[in-house]
Amino acid sequence: MTHQINISEAAVYVGTYGKYNDGSIFGKWLNLSDYADKEEFYAACHELHNDEEDPEFMFQDYENIPEGLISECSISDNLFEVIEAFENMEENQKEPFLIWCNNGHRSLSEEDINNLISAFESDYIGEYDSEEDFATELVEERGDLSDFAKQYFDYEAYTRDLFLSDYWSDGGYVFYNS
């Protein structure tokens, strides 16, 4: 299961390669919510390390930032758009969205966040205690099976078949396999 991210508390510890190579890890934690965009964030990084003529920033640690949006030496152009979108997203949608992105090989750093959210909303079914609970709900919703037929229904085999083709799950979240 993916660790729940509180994107409103996204922060980066910003040092420089120059200081690091000289044996110093001097830097500071910067809260991304304090900046409107990437340019404003980089301006703060330059201010922090104004003792260097051309600082090469090193993002030595970070918290509450989804996978693929930051590395030791770069921040995605999409980061602040993703932060804004996450702040507007329902709390119970955040974790399944990240799982969907990771398992669907979607890229928060490269794809348009609004398109990703729209595709996620089309694929996300909901949260279930098990895959079999989901399959059972599908059977129960069918109006063409009698109670007699349902009591002999092979839910285990039906579940296996559903998740071999049309659906996938992770951490209790069920998604349509689009």
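**Figure 1. The β4-β6-β5 sheet of the predicted model.** Three strands form an open sheet in the order β4-β6-β5, and the pairing is antiparallel. β4 and β5 stand at the edges. Each has a single partner strand, so one side of each lacks a neighbour in the sheet. Neighbouring strands are turned by 20° against each other on average, direction ignored. β4 and β6 run antiparallel and are joined by 3 bridges. Tyr124 has Phe175 of β6 as its bridge partner. Helix α4 packs on this sheet and touches β4, β5 and β6. The direction of α4 makes about 50° with that of β6.

**Figure 2. Helix α4 and its buried residues.** Lys94, Glu95, Pro96, Phe97, Leu98, Ile99, Trp100 and Cys101 are buried in α4. The list includes charged residues, Lys94 and Glu95, along with Pro96. The buried residues of the helix pack against two helices, α3 and α5. They also pack against the strands β4 (124-127), β5 (167-170) and β6. Just after α4 comes His105, with a positive phi of about 55°.

**Figure 3. Asp123 in helix α5.** Asp123 has a relative accessible area of 5% and is therefore buried. Its side chain makes a polar contact with the side chain of Trp100, at 3.0 Å. Trp100 is itself one of the buried residues of α4. Neighbours within four places in sequence left aside, Asp123 is in contact with Trp100, Arg106, Val174, Phe175, Tyr176 and Ser178. Among these, Phe175 is the bridge partner of Tyr124.

**Figure 4. The β2-β1-β3 sheet.** This open sheet has 3 strands in the order β2-β1-β3, with antiparallel pairing. The edge strands are β2 (28-31) and β3. Each pairs with a single strand, so one side of each is left without a neighbour in the sheet. From one strand to the next, the twist averages 30°. β1 and β2 pair over 4 bridges in the antiparallel sense. Val12 stands opposite Leu30 in β2. Helix α2 lies across β1, β2 and β3. It runs at about 115° to β3.

**Figure 5. Gln60 on strand β3.** Gln60 is partly exposed, with a relative accessible area of 27%. Residues up to four places away in sequence are not counted in its contacts. Gln60 touches Tyr13, Val14, Gly15, Tyr20 and Ile25. One of these, Val14, is a member of the largest nonpolar core. Gln60 and Ile117 are 57 residues apart in sequence. Their C-alpha atoms lie 29 Å apart in space.

**Figure 6. Asn64 in the loop between β3 and α3.** Phi of Asn64 is near 60°. The value is positive, in a residue other than glycine. Asn64 has a relative accessible area of 19%. Buried means under 20%, so Asn64 counts as buried.

**Figure 7. The largest nonpolar core, around Phe41.** This core has 39 residues. Val14, Leu32, Phe41, Phe97 and Leu108 touch the most other members. At least two core residues come from each of β1 (11-16), α2 (38-48), β3 (57-63), α3 (79-88), α4 (91-103), α5 (113-123) and β6 (173-176). The largest share is that of α3, with 6 residues. Phe41 touches Val12, Val14, Leu30, Leu32, Tyr35, Phe59, Ile75 and Phe80, residues up to four places away in sequence not counted. Apart from this core lies another, of 8 residues. Its members include Leu162, Phe163, Tyr167 and Val174. Val174 is also among the contacts of Asp123.

**Figure 8. The chain as a setting for the close-ups.** The chain has 8 helices and 6 strands. From the N terminus, the elements run β-α-β-α-β-α-α-α-β-α-α-α-β-β. The C-alpha trace spans about 80 × 30 × 20 Å along its principal axes. The radius of gyration is 22 Å, whereas a compact globule of 178 residues would have one near 16 Å. Of the 178 residues, 41% count as buried. Among contacts between residues at least 6 apart in sequence, 57% join residues at least 24 apart.

How values were computed: Residues are numbered from 1 along each chain as its sequence is written. This is a predicted model: local features need pLDDT of at least 70, side-chain atom pairs count only at pLDDT 80 or more; totals for chains, interfaces and linings use all residues. Side-chain values use heavy atoms; hydrogens and water are left out. A nonpolar core is a set of buried Ala, Val, Leu, Ile, Met, Phe, Trp, Tyr and Cys residues joined through side-chain atoms within 4.5 Å. Buried means under 20% relative accessible area, exposed over 50%, partly exposed in between (1.4 Å probe, protein chains only). Contact means heavy atoms within 4.5 Å. A polar contact is a pair of N or O atoms within 3.5 Å; within protein, one must be able to donate a hydrogen and the other to accept it, and residues adjacent in sequence count only if both atoms are side-chain atoms. Two strands pair if DSSP finds at least two bridges between them. Axes are lines fitted to C-alpha atoms, for helices over the stretch in contact, and angles run from 0 to 180 degrees between N-to-C directions. The radius of gyration is taken over C-alpha atoms; the globule rule is 2.2 Å times the number of residues to the power 0.38.
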